[in-house]
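This report looks at one strand and its surroundings, and then turns to the nonpolar cores and aromatic pairs. Please keep the sequence and the model side by side while reading.

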Amino acid sequence: MHRPHAAYDFRHGTPALTSFPVTRWRQSLAEAVSRADAATLGYGPAEGAPALRAQISALLRRSRAFGAAPEHIVVTSGATQAMDILVRLLVGPDEVVVIEDPSHTVLRQIFGYSRAAVVPVPVDEEGIRVDEINDRIRAHGHHPARVRLVYVTPSHQFPTGFIMSERRRRALLRWACAHGATVLEDDYHNEFTFAPERQSALAADPQDADVVYVGSFSKTLFPSLRIGYAVLPSHLVRPFLGVKWITDRLTPTVTQEALAEFIDSGAYGRHISRMDRLYRQRRARLLEALYEHFGAGVRISGAAAGLHVLVTLSGVPDTDEAEIVRAAAVRGLRIYPGSGYFTIRPPAEPTFLIGYAALSTARITEGVALLAAAVRDVAAR
């Protein structure tokens with residue numbers, strides 16, 4: 001369906017694409033093509049190019065304190081493919097997948113295609129409420145022994161942005177180990193954190209539980225690159241590759257070689273450093289603007305990491321999200337309701353997922369002013 005153009009768009013999940021070093025990336029592509037041989041141009045290994053797997057291993061060791069061996073890494077066509085394969089591999093009909101609540105609607109679709117029971121478990125400021133998992137599963141008419149997969153976003157919960165506490169991380173791993181379930185750790189914003197201290201990946205210390213770590217380059221580079229990866233326990237590597245080989249043979253090898261060169265040359269690290277500084281500035285401007293216009297009537301979560309925040313407007317009684325969305329659209333602003341991500345306890349007040357990475361500080365300032373004006377329009381009716 002065609003939608004009218006919005007001059008200001010607070011869409012989440014889109015990085016600052018205009019700041020991507022296209023010229024340097026073109027050099028990496030040219031280098032990969034110039035070195036390409038018959039093996040590179042043919043059907044490459046399903047697990048991915050050795051050079052890229054080695055670079056991913058080094059990245060995770062530096063940024064996530066995670067000693068992931070290259071032979072445990074499988075390159076995929078985005079993080080979504082990694083999750084799809086894992087569900088096909090581990091989850092059968094009438095078995096259970098536990099997900100966080102709130103969570104992305106796409107996840108419910110991916111997991112639901114397996115005909116599994118998808119059971120949401122609420123999160124709080126410390127992450128998924130591990131002590132409620134068993135009760136939630138039984139409330140859905142299943143036994144905890146049927147759980148095969150637990151999906152979590154511990155470094156930046158989607159969409160709340162909460163960071164899972166160390167206490168809750170240990171509890172989750174103990175639960176998974178005791179129930180024979182695999183933990184799927186989606187580290188979708190792994191390079192961008194603004195907290196004073198950064199936690200290691202959950203998979204860095206699995207404590208005898210099976211943890212699959214999934215990441216991608218969609219947010220750090222650009223979404224159409226379509227390169228993700230999974231870090232697997234040794235016993236899952238061969239079965240995972242079996243499914244990948246059947247479904248798509250391989251992720252394009254020349255692009256993998258270009259990405260490996262881009263990382264190895266230091267261009268990736270320089271780009272991340274520039275983006276970190278840029279996103280810090282844009283994040284700070286967004287928070288300042290929200291407090292300037294809404295004061296104590298706004299609650300913000302997720303400001304410690306990632307490229308979006310979840311914003312609740314508590315000072316606008318008798319209004320709903322849809323009214324504000326429509327009023328904002330009239331003013332050329334596109335904003336995105338947050339209530340659809342919740343299944344257990346939807347927010348009682350207007351809540352929005354606001355992405356800021358792709359907007360300049362000036363556009364952020366203007367966009368928040370338009371949001372405040374839209375809220376006033378609704379309140380005046």
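In which sense do β11 and strand β14 pair, and over how many bridges? The two strands pair in the antiparallel sense, over 5 bridges. The model is a predicted one, and what follows describes its computed geometry.

## The sheet around β11

β11 belongs to an open sheet of 4 strands, arranged in the order β10-β11-β14-β13 with antiparallel pairing. The edge strands of this sheet are β10 and β13 (336-337), each of which pairs on one side only. In general, the strands of a sheet pair through backbone hydrogen bonds, in either a parallel or an antiparallel manner.

Strand β10 (residues 298-301) runs antiparallel to β11 and is joined to it by 4 bridges. Along this pairing, Val298 stands opposite Leu313, while Ser301 has Leu310 as its bridge partner. The hairpin made by β10 and β11 has 6 residues between the strands, and within this hairpin Gly302 adopts a positive phi near 95°. On the pairing with β14 (residues 351-355), Val311 stands opposite Phe352. Helix α11 (residues 321-330) lies across β11, β13 and β14, and runs at about 45° to β14.

## Burial of β11

Why can β11 be described as largely enclosed by the rest of the structure? The strand spans residues 308-313, and 6 of its 6 residues are buried, so the description follows from the burial of the strand itself. In a regular strand, side chains alternate between the two faces of the sheet. In β11 both faces are covered, since His308, Leu310 and Thr312 are buried on one side and Val309, Val311 and Leu313 are buried on the other.

## His308 and its surroundings

His308 is found in strand β11 and has a relative accessible area of 2%; because buried means under 20%, this residue counts as buried. A polar atom of the His308 side chain lies 3.4 Å from the backbone oxygen of Pro159. Leaving aside neighbours within four places in sequence, the contacts of His308 include His12, His156 and His189, together with Phe158, Tyr188 and Gly302. Other contacts of His308 include Leu353, Ile354 and Gly355, which are residues of β14 by its range of 351-355.

## Nonpolar cores

In soluble globular proteins, nonpolar side chains tend to be buried together. The largest nonpolar core in this model has 93 residues, and Leu172 and Phe217 are those with the most contacts inside it. Helix α10 (residues 267-294) supplies the largest share of this core, with 11 residues. A second, separate core of 28 residues includes Val87, Leu149, Tyr151 and Ala230.

Not counting residues up to four places away in sequence, Leu172 touches Ile128, Val130, Ile133, Val150, Val152, Met164, Val183 and Leu202.

## Aromatic pairs

The count of aromatic pairs comes to 12. In one of them, the ring centres of Phe20 and Trp25 are 6.4 Å apart and the ring planes stand at 65°, so the pair is edge-to-face, given that planes over 60 degrees apart are classed this way. Phe20 and Trp25 are both buried. One aromatic cluster is formed by Phe66, Tyr213, Phe217, Tyr229 and Tyr268, and Phe217 also appears among the residues with the most contacts inside the largest nonpolar core.

Key: Residues numbered from 1 in each chain as written. Predicted model: local features only at pLDDT ≥ 70, side-chain atom pairs only at ≥ 80, totals over all residues. Heavy atoms only, no water. Buried < 20%, exposed > 50% of the residue type's maximum accessible area, 1.4 Å probe, protein only. Pairing = 2+ DSSP bridges. Polar contact = N/O pair within 3.5 Å; in protein donor to acceptor, adjacent residues only side chain to side chain. Contact = heavy atoms within 4.5 Å. Core = buried A, V, L, I, M, F, W, Y, C linked by side-chain atoms within 4.5 Å. Axes fitted to C-alpha atoms, helices over the stretch in contact; angles between N-to-C directions. Phe/Tyr/Trp six-rings, centres within 6.5 Å; stacked < 30°, edge-to-face > 60°.
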